[in-house]
Amino acid sequence: MPLTDLASRAGSAVRAFAEASSDLLLQPTLRLGVTGLARSGKTVFTTALIHHLVETHALPAFAPAQEGRLRRARLVPQPDDDVPRFPFEEHFASLTEARHWPRSTDRISQFRLEIEYERAGSWRSGPGTLMLDVVDYPGEWLLDLALIESGYTAWSRSTINGTRRAGRAATAAPWLDTLKGLDPNGPLDEVVAERASNAFKTYLAALRAGPEAVATTPPGRFLMPGDLAGSPALTFAPLDGLAETHAPDSLAGLMERRFEAYKAKVVVPFFRDHFQRVDRQIVLVDVLSAVDAGPTAVAELEEALDAVLLSLNIGRNSFFSKLFAPRADKILFAATKADHLHQTSHDRLDALLRLLVSRAMRRTEAAGARVGTVALASVRATRETTVHDGSEALRAVSGTPEAGEVVGDERFDGTTEAAIFPGELPARPESVLDGAVEPGSLRFPRFRPPIVRPDALGRPGHLPQIRLDRAMQFLIGDRLT
Ligand SMILES: Nc1nc2c(ncn2[C@@H]2O[C@H](COP(=O)(O)OP(=O)(O)O)[C@@H](O)[C@H]2O)c(=O)[nH]1
Ligand SMILES: [Mg+2]
């Protein structure tokens, strides 16, 4: 391992300590990480969270609000100048005025809220202030932790081995073809390196677009480049038939240097500067889409959960992961978009996520932090209703499907409301893993965000949600007492 790495790690420990002690002296601060794979609902969650804190109102399961102890929350300048600000105002306007979901984002962003509240304790009373820093970052980047412990040769081999998995042959064929034509000992050639890297990226993209639908093969920035899109730092790829060491002027030598540079300049700084500093973490999971895509997607999702738990290093005895372990003492896994189901299925969705997470916790020997699960909708786009199928009454949801969505033989125009029977999750969550849900048998059209009307005094209305208040209580409730 290069020395610079160790030095920077030591520096980060010193900084973390200085930060923690200055926090104690100056202002209690809580850093909340929001992560999840692409489209899992991070932007919508973060927008709704800020909205509910700023527009204080009763949220039954969020004690500080329910007890009327939230006095004021306002947006203040964020602590890290080098991280883009989370564009809350833009996302909120898009949701409530245009009724469009926020535009998708692929990079890290941050937001600071200053929350003034009334203490609830019997021995501590009076006003308190909490600085809440919310950091939204792509879950794909967590997959890179696996690379830190790996050398270029080992990474190449395991990635190529990954193509042998059931169902991957056709997806991998074009990339494996390109690999056959590449000689690791051949001359160092930029054009060849780029061709190899492009073929590899095409393979990764095809994996995600395929039936697995979940991305678990690193490097994370190849899946979600953020501000590194198009950068030469991402121009590398595995090679086949590698020896243990590579001549510096060979193709393998170049690839190895790039691989190591990626780890040192991209992966390590992310874990050190952002991930490691998180106090509480929410991991959003689109369980419903995986269930609908079939057992392969669910299995792939389980693997993604393993990777997340390993990166959170709750309990595993590894030198490297220990160095990057965040100080997070509470981790919440949340199945998002629960508003696609009737509320009678919300507990089933939660039970399924709990099963997936507890299996992952056993596999990764997780211990230490408090881990919770919840099925939620950050923004509830539907209402509950019943539809009749002959003499049978089915529990359904109704909302406005987005223009172009198709259910059965109906294509929606984006303005018409419709009641849709989404199907039901099985009562026994284990049966989902055995393939009890026929792929494509559930109906989850994309709904437009709900209509939010101002209240009688003309103040902006509240975004409806499902169990978001429970998530807030788990993540920050105890720091507002
Ligand atoms: N019905 C519903 N859809 C949601 C909800 N949260 C997210 N979505 C959908 O999921 C998409 C992706 O959400 P987004 O927050 O942008 O995901 P990100 O990539 O993780 O930031 C949105 O455009 C919505 O279509 C929710 O609470 N309810
Ligand atoms: Mg986003």
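Contact here means heavy atoms within 4.5 Å. Keep that cut-off in hand for the stop between the domains, and keep in mind throughout that this is a predicted model.

**Stop 1: the two domains**

Start by colouring two selections. Domain 1 takes in residues 3-137, 274-378 and 466-480, while domain 2 covers 150-267. Now show the residues of each that touch the other: 12 residues of domain 1 are in contact with 13 residues of domain 2. Together the two domains bury about 1,000 Å² between them, and 58% of that lies on carbon and sulfur atoms. Which three residues should you pick out on the side of domain 1? Select Asp 106, Arg 107 and Glu 300, which supply 43% of the area that domain 1 buries against domain 2, more than any other three residues.

Next, turn on the charged side chains here. The interface of domain 1 and domain 2 holds 3 salt bridges. For one to zoom in on, choose Glu 300 and Arg 168, whose closest N and O atoms are 3.3 Å apart in a salt bridge. Between domain 1 and domain 2 there are also 4 residue pairs in polar contact, both partners being at pLDDT 80 or more. Which helix gives the most to the side of domain 1 that touches domain 2? Select residues 295-311: this is helix α12, and α12 contributes 6 residues.

**Stop 2: a salt bridge along a helix**

Stay with charged side chains and select residues 169-180, which make up helix α7. Show Lys 180 and Asp 177: their side chains meet in a salt bridge, with 3.4 Å from N to O. Why are Lys 180 and Asp 177 separated by about one helical turn? The two are 3 residues apart in α7, so about one helical turn lies between them. If you widen the search to the whole structure, 30 salt bridges turn up.

**Stop 3: the sheet of 7 strands**

Switch to a cartoon view and follow the open sheet in the order β2-β3-β4-β1-β5-β6-β7, where the pairing is mixed. At the edges you will find β2 and β7 (370-375), each of which pairs on one side only. From one strand to the next, the twist averages 20 degrees.

Now select residues 29-36 for β1 and residues 280-285 for β5, which pair in the parallel sense over 5 bridges. For a landmark on this pair, label Gly 36, which stands opposite Leu 284 in β5.

**Stop 4: the sheet of 3 strands**

Move on to another open sheet, with the order β8-β9-β12 and antiparallel pairing. Select 383-389 for β8 and 418-420 for β12: these strands stand at the edges with a single partner strand each, so one side of each is left without a neighbour in the sheet. Here the twist averages 45 degrees from one strand to the next.

Add residues 392-399 to see β9, which pairs with β12 in the antiparallel sense over 3 bridges. Label Gly 399 as well; its bridge partner in β12 is Ala 418.

**Stop 5: three loops**

Begin with the loop between α3 (63-66) and β2 (70-76), where you will find Glu 67. Show its side chain along with that of Arg 69: the side chains of Glu 67 and Arg 69 make a polar contact at 2.8 Å. For a long view, draw a distance from Glu 67 to Ala 456, 389 residues apart along the chain, and you should get 23 Å between their C-alpha atoms.

The last two loops are for backbone watchers. Most residues other than glycine have a negative phi, and most peptide bonds are trans. Select Arg 99 in the loop between α4 (88-98) and β3 (109-118). Arg 99 has a positive phi, near 55 degrees.

Finish in the loop between α8 (190-209) and α9 (220-223), which is where Pro 219 is found. Is the peptide bond from Pro 218 to Pro 219 cis or trans? The bond is cis, with omega near 10 degrees.

Terms used. Residues are numbered from 1 along each chain as its sequence is written. Chains are lettered from A and ligands numbered from 1 in the order in which they are written. This is a predicted model: local features need pLDDT of at least 70, side-chain atom pairs count only at pLDDT 80 or more; totals for chains, interfaces and linings use all residues. Side-chain values use heavy atoms; hydrogens and water are left out. Two strands pair if DSSP finds at least two bridges between them. Helices (H or I, at least four residues) and strands (E, at least two) are DSSP runs, numbered from the N terminus. Axes are lines fitted to C-alpha atoms, for helices over the stretch in contact, and angles run from 0 to 180 degrees between N-to-C directions. Domain bounds come from an automatic or database domain assignment. Buried area is the accessible area (1.4 Å probe) that two parts lose on being put together, summed over both. A salt bridge is a side-chain nitrogen of Lys or Arg within 4 Å of a carboxyl oxygen of Asp or Glu. A polar contact is a pair of N or O atoms within 3.5 Å; within protein, one must be able to donate a hydrogen and the other to accept it, and residues adjacent in sequence count only if both atoms are side-chain atoms.
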